[in-house]
Amino acid sequence: MPTLFPHPDGRPRPYSAAALHNGTLWACGQVPVTPEGDTPHDIGDQVRLALDNLETVLTAAGGGLDTLLKVTVYLADLAEFDHYNSAYLDRLADVELPPRTTVQVAAFRGAKRVEIDAVAALVPGP
């Protein structure tokens, strides 16, 4: 059975923040929303915030950005790729870059224009 992790901010959601099974962690999609519910306007700020939120989930499960195995990024508009990519590379400058897939999606709710999910390698807990 996998170990399921609640969201670190403690707010109830109808899904887990991540699932760990046999040392592999699957993190749910992280969006650019602050704990107060705010979303920045700039795509670069959104990417950095989504990655900050992903790091929070990974850390709560015992990992970090340096344990990433695969990242999938969903963008509202591929025309923003260069700005997104610059922010992504800047935010992950201190880790080896994992394989990544970036796709455009039809729509997001509200001001969000990016969502990032990931798979990471962790050592199973006791």
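How are H1 and H2 oriented to each other, parallel or oblique? I opened the notebook with this and worked from a predicted model.

**Entry 1: the helix pair**

I looked up the two helices, H1 at residues 43-60 and H2 at residues 81-91. Their axes lie 8 Å apart, and the packing angle is about 40°. Angles under 35 degrees would count as roughly parallel and 65 to 115 as roughly perpendicular; H1 and H2 are therefore oblique to each other. I noted the hand of the crossing as right-handed.

Next I listed the residues that make this contact. From H1 they are Ile-43, Gly-44, Val-47, Arg-48, Leu-51, Asp-52 and Glu-55. H2 contributes His-83, Tyr-84, Ala-87, Tyr-88, Asp-90 and Arg-91. Sorted by class, the contact of H1 with H2 has six nonpolar, five charged and two polar residues.

**Entry 2: salt bridges**

How many salt bridges does the structure hold? I found four, and I wrote up three of them here.

I began with Arg-91 and Asp-52, whose closest N and O atoms are 2.6 Å apart in a salt bridge. Arg-91 sits in helix H2 and Asp-52 in helix H1, so this pair ties together parts that are 39 residues apart in sequence. Asp-52 has a relative accessible area of 31% and is therefore partly exposed.

I then took Glu-55, which forms a salt bridge with Arg-91, with 2.4 Å between the closest N and O atoms. This pair also links distant parts of the chain, Glu-55 in helix H1 and Arg-91 in helix H2, 36 residues apart. I recorded Glu-55 as partly exposed because its relative accessibility is 28%.

The third pair is Arg-113 with Glu-80, a salt bridge with its closest N and O atoms 2.7 Å apart. I placed Arg-113 in the loop between strand E5 (100-104) and strand E6 (114-121), and Glu-80 in the loop between strand E4 (68-75) and H2. The two residues are 33 apart in sequence. Are Arg-113 and Glu-80 buried or exposed? I found both buried.

Which residues are joined into one network by salt bridges that share partners? I have Asp-52, Glu-55 and Arg-91 down for that.

**Entry 3: Asn-22**

I checked backbone angles at Asn-22. Its phi is near 50°, a positive value in a residue other than glycine. Most residues other than glycine have a negative phi. Asn-22 lies in the loop between strand E2 (18-21) and strand E3 (24-30). Its relative accessibility is 66%, so I counted Asn-22 as exposed.

**Entry 4: Gln-30**

I moved on to Gln-30, which is in strand E3. Why does Gln-30 count as buried? Its relative accessibility is 8%, and the cut-off for buried is under 20%.

Leaving aside residues up to four places away in sequence, I listed what Gln-30 touches: His-7, Ala-50, Asn-53, Leu-54, Val-57, Val-114, Glu-115 and Ile-116. I also took the separation of Gln-30 from Thr-59: their C-alpha atoms are 14 Å apart, with their positions 29 residues apart along the chain.

**Entry 5: Ala-79**

Last, I looked up Ala-79, in the loop between E4 and H2. Ala-79 has a relative accessible area of 67% and is therefore exposed. Ala-79 and Ala-61 are 18 residues apart in sequence, and I noted 34 Å from C-alpha to C-alpha.

How values were computed. Residues are numbered from 1 along each chain as its sequence is written. This is a predicted model: local features need pLDDT of at least 70, side-chain atom pairs count only at pLDDT 80 or more; totals for chains, interfaces and linings use all residues. Side-chain values use heavy atoms; hydrogens and water are left out. Axes are lines fitted to C-alpha atoms, for helices over the stretch in contact, and angles run from 0 to 180 degrees between N-to-C directions. Helices (H or I, at least four residues) and strands (E, at least two) are DSSP runs, numbered from the N terminus. Angles under 35 degrees count as roughly parallel, over 145 as roughly antiparallel, 65 to 115 as roughly perpendicular and the rest as oblique. A crossing is left-handed if the near helix is turned anticlockwise from the far one by less than a right angle, and right-handed if clockwise. Contact means heavy atoms within 4.5 Å. Ala, Val, Leu, Ile, Met, Phe, Trp, Tyr, Cys and Pro count as nonpolar, Asp, Glu, Lys and Arg as charged, and the others, Gly among them, as polar. A salt bridge is a side-chain nitrogen of Lys or Arg within 4 Å of a carboxyl oxygen of Asp or Glu. Buried means under 20% relative accessible area, exposed over 50%, partly exposed in between (1.4 Å probe, protein chains only).
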